[in-house]
Every structure is written in structure tokens, then in C-alpha cells.
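Open the structure in your viewer and keep the selection tool ready. The tour moves from stop to stop, with a selection to make at each.

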Amino acid sequence: MRLSVVGCGYLGAVHAAAMASIGHEVVGIDVDGRKIEALSRGEAPFFEPGLPSILSDGIASGRLAFTTDVAAARGAKVHFIGVGTPQQKDGDAADLTFVNAAIDSLLPHLSPGDVVAGKSTVPVGTAASLALRVERTGARLVWNPEFLREGFAVKDTIDPDRLVVGVGVGDNASAEVLREVYAPAVDKGTPFIVTDLATAELVKVAANAFLATKISFINAMAEIAEVTGADVTQLADAIGHDVRIGRRFLGAGIGFGGGCLPKDIRAFSARAEELGRGESVAFLREVDEINLRRRDRAVQLAVDALGGSVFNKKIAVLGAAFKPHSDDVRDSPALDVAVRLYGLGASVVVTDPEAIDNARRAHPQLTYESSRDETIRDAEAVILVTEWDEYRRQLSPEHASTLTSGRAIVDGRNGLDAAAWRAAGWRYYGMGRP
Ligand code: UGA
């Protein structure tokens, strides 16, 4: 099928390449000329495992092209909208500028019978108002939220755990078009859930709100563990055996960040307030606050580990990305902790396998070092804030001891073997662990 994808960021670029890889003819469109040039050469503008190969395969096959010219959308049967919906600069609500601009630019190129499929995360009610504009062209609008995780985006797009399509009243035909787009997944038995527009928009924010709540729940337990001597990782293992609870997303540490969870829960709260139902999701404010408190805690542990002051002391910060397998530093708890330690006068050196360039752009005041070992050399304390395997599994305490000047390790992700580090003579500080 001929498809267009408007917006070629983390979501749109992966979606365009993934759709080409399952046999569609796809044009990806973005206003950012440099991004389009890179994508056209088969280069991913960001780190995402598996993306470079499906990009170059798609381009070589002739089924995948990128352009800044939105007129190229003409003739496609389905037009996906994958632009960003960041947090507003002066508030918690989502900024819909890019969604509105994408729809406005697309309207002159739509034909009767086309389907516009919104994938961006939007406040509930947005799709219904966009539908009014789209329908004047004879095209239809559906909402098809995306659940991909950065780092696993290609797999999550080609082989998702569910597909959700919200349609206007009586518009089963558009849902069938989407079913055809996703035929390989549908044929494998992937649940294909057809809803109204509002439900589809809500499914997305509800899923992210639940995940954020789960993380803050275990981090709240970590706070209690800290004043009782309990160990939150054992607690998580124990409650996680209950299949109704499940162990995933019960990783206590410095909390969630990235371009989705933090802004999505804030936008959800803002939208609920507009709808007169602020109290229904008032707990999301607590979820946000617990999350931000954990960054303070990690900083405090580093201060404690260095005897009450980090001033002029070298601290090696392992990680800058908001999570492993990503170079994304948007709202990264790891980078935030590094910035706070720097603010306290520490001599901070940050390393990350993929995110140094993005981190440097966001926080040029910090010192960056690409080599892990050079980062920890002569450090008085080491703090692990992004649990890349390079730091979590491949750094032995014996090896680290040969490089550092101090023996203090703060494990901001509870990813290290505390007993092994202690046995090697280190003072180990976990999050919610004795
Ligand atoms: C999240 C959702 O997981 C996706 O389903 C969703 O599609 C996406 O947002 C989106 O809205 O686009 P992502 O932001 O890629 O995906 O990252 P996650 O894997 O959810 O991790 C989010 C944050 O939570 C990271 O900072 C991670 O370190 C943290 N986290 C995760 C924890 O602190 N503890 C855990 O147990 C799990």
C-alpha cells in the first residue's frame, strides 16, 4: 500500500522504515532538511538498534523515500502523523503546534477515501476536532497510538503486542484499511482493537500513566525501605512473583525520564483538569514528585559517600541517556543527577556509550569522556545512573579498584551486585537498599 508518514523523529522515522520493511511503499516527510538528507542516505539521525539496516534496505528496494515536500503525500492511501507533542514551555499541557501544522500542510494533498492516521500522543478530544478538518476533504481520520519503546522501536513497530485503532462513528472501513496495513502482525494473531477516537487517545496516555505509576510505586517503597533497613529489590522480586503485579517496571532507582513518560503524565493531569476531573488523576502529581525526589536521593548518597561534601572531588558519572539502548537525553534523570552534582562543586566527568553528543549539546558545562576507564580514573566516587551493560555487567569492582582513588559506588539503578562490590572493598550505596 502507498503510505506517507509526516514527522520523521523517533516515532515517524522508525514507522516509515518499518512499514517499508513489511512491503509498503512509503514516503517520510519532515520539515527538517538535515534530518531528511540523513535519512535519504540511509543514516538514522539518532541511535536506535536495527533502524540503520531497515532504512538502507528500504531505500535500496525503492520502497522508502524521504522528502521535505509534503506534496509527496499525494496518492498515498494512509497518511500517518508522527510529529512530536512536547510539554508546553510555560505549563504542563501538551503543545499541539506540530500536530496542527502537520494536518494543515497535509490537507491540500488529501483525496476522498484517504485515511489520516494520527500516531502522536495527544490530549483526549484532539482527534475529534482534527477529524472535522480532515473530513472536509473527503478523507477520514483515525487515531492509532504507538506503544514503541526506544531501544526496541523496530521490533515494537513490526511486531507490537497490540494494535489500537480509534475511528469516527460508523467508520469501520477505515479500521479495515489499517488492518490491511498491519496485515503481517494481524495474521500472527496480534490483538487488533477497534475503538472510538477518545478511547484510542486515552489508551495511550493511560498506558504511560500506569507504567509511570508502577515505577513511582516501587520508588515510594524504596523511600520506606530506606528508613526501615529493608531492601526494595528483594521486595520487588517477592511481590513481582504475583502474576497480577508482575516484576517488570518495578526497578527502583533514580526514576523515569525520556521524551514520553514525564510529559505524558503532566499533559494528562492538565487535560483532566480542563475536563473538570483533575481529582481523578491527582495521584499523577504524586507520581511525578516521587520520581523527582529520587534524583535528590541519588545526589544525597553521593554527598554522603564523600563524607558530606562533593566540592572539588572527582565523581565519575556512568551514563547520560535516560535509559540504556538509547542516545536520548530528554528529561534524563542520569544527566540531571550529573548537573546537580556539578552544581554542588563536584568535578564531574560523564560517560555514555551513545549519548555524549546529545548530552554535551544540552549541558555543555559538564566534562565528557568517551572511555569508561578514563572516566573513573582517579575518581573519588563512582555513580551509575544509566544501566548500560558496559557499566552494570562488564565493569568488575576489582578492575575499577585499579583505577579510582576512592572506593565509593552509588548504584542509582540498583543494577550492580552489591555483595561483589563490598567484597572487593567498596562502600556500596543502593537506592532503597541497606
Ligand atoms: C515509554 C513506554 O514504555 C512505551 O510503551 C511508549 O510507547 C513510549 O514511552 C512512548 O510514549 O512513546 P520509553 O520512553 O522508550 O517508552 O521508555 P521506557 O522503557 O518506558 O522507560 C522510561 C523510563 O523509566 C526510563 O528512564 C527508565 O530508566 C525508567 N524505568 C523503567 C525505571 O526507572 N524503572 C523501571 O523498572 C523501568
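Start by selecting helix α9, which gives the most residues to the shell around the ligand, namely four. Helices here are DSSP runs of H or I with at least four residues, strands are runs of E with at least two, and both are numbered from the N terminus. This is a predicted model, in which local features need pLDDT of at least 70 and side-chain atom pairs count only at pLDDT 80 or more, while totals for chains, interfaces and linings use all residues. Residues are numbered from 1 along each chain as its sequence is written, and side-chain values use heavy atoms, with hydrogens and water left out.

**Stop 1: the ligand**

Select the ligand and the residues near it, where near means that one heavy atom of the residue lies within 4 Å. There are 21 residues around the ligand, and the closest are L148, E150, K204, N208 and G251. By class, the shell holds ten nonpolar, four polar and seven charged residues. For this count, Ala, Val, Leu, Ile, Met, Phe, Trp, Tyr, Cys and Pro are nonpolar, Asp, Glu, Lys and Arg are charged, and the others, Gly among them, are polar.

Which domains give residues to the shell around the ligand? Domain 1 (2-190) and domain 2 (195-434) each supply at least three; the bounds come from an automatic or database domain assignment.

Now show the atoms of F147, E150 and N208. A polar backbone atom of F147 is 2.9 Å from an oxygen atom of the ligand. For E150, a polar backbone atom is 2.7 Å from a ligand oxygen. In N208 a polar side-chain atom lies 2.7 Å from an oxygen atom of the ligand. On its own the ligand has 720 Å² of accessible area, and the protein covers 89% of this (Shrake-Rupley method, 1.4 Å probe). α9 (197-228) and α11 (261-274) are the elements that give two or more residues to the shell.

**Stop 2: strands β5 to β7**

Select residues 115-118, strand β5, and residues 140-143, strand β6: they run parallel and are joined by four bridges. Two strands pair if DSSP finds at least two bridges between them. V116 has L141 of β6 opposite. Add helix α5 (residues 126-135), which with β5 and β6 makes a right-handed β-α-β unit. Right-handed means that, with the strands pointing away from the viewer, the path from the first strand over the helix to the second runs clockwise. Next add strand β7 (residues 163-167), which pairs with β6 in the antiparallel sense over two bridges. Here V142 stands opposite V167.

**Stop 3: the six-stranded sheet**

This open sheet has the order β11-β10-β9-β12-β13-β14, with parallel pairing. Why do β11 (367-368) and β14 (427-429) each have one side without a neighbour in the sheet? They stand at the edges with a single partner strand each, so one side is left free of a neighbour. β11 pairs with β10 (residues 347-351) over two bridges, and T367 is the bridge partner of V349.

Notes
Polar contact = N/O pair within 3.5 Å; in protein donor to acceptor, adjacent residues only side chain to side chain.
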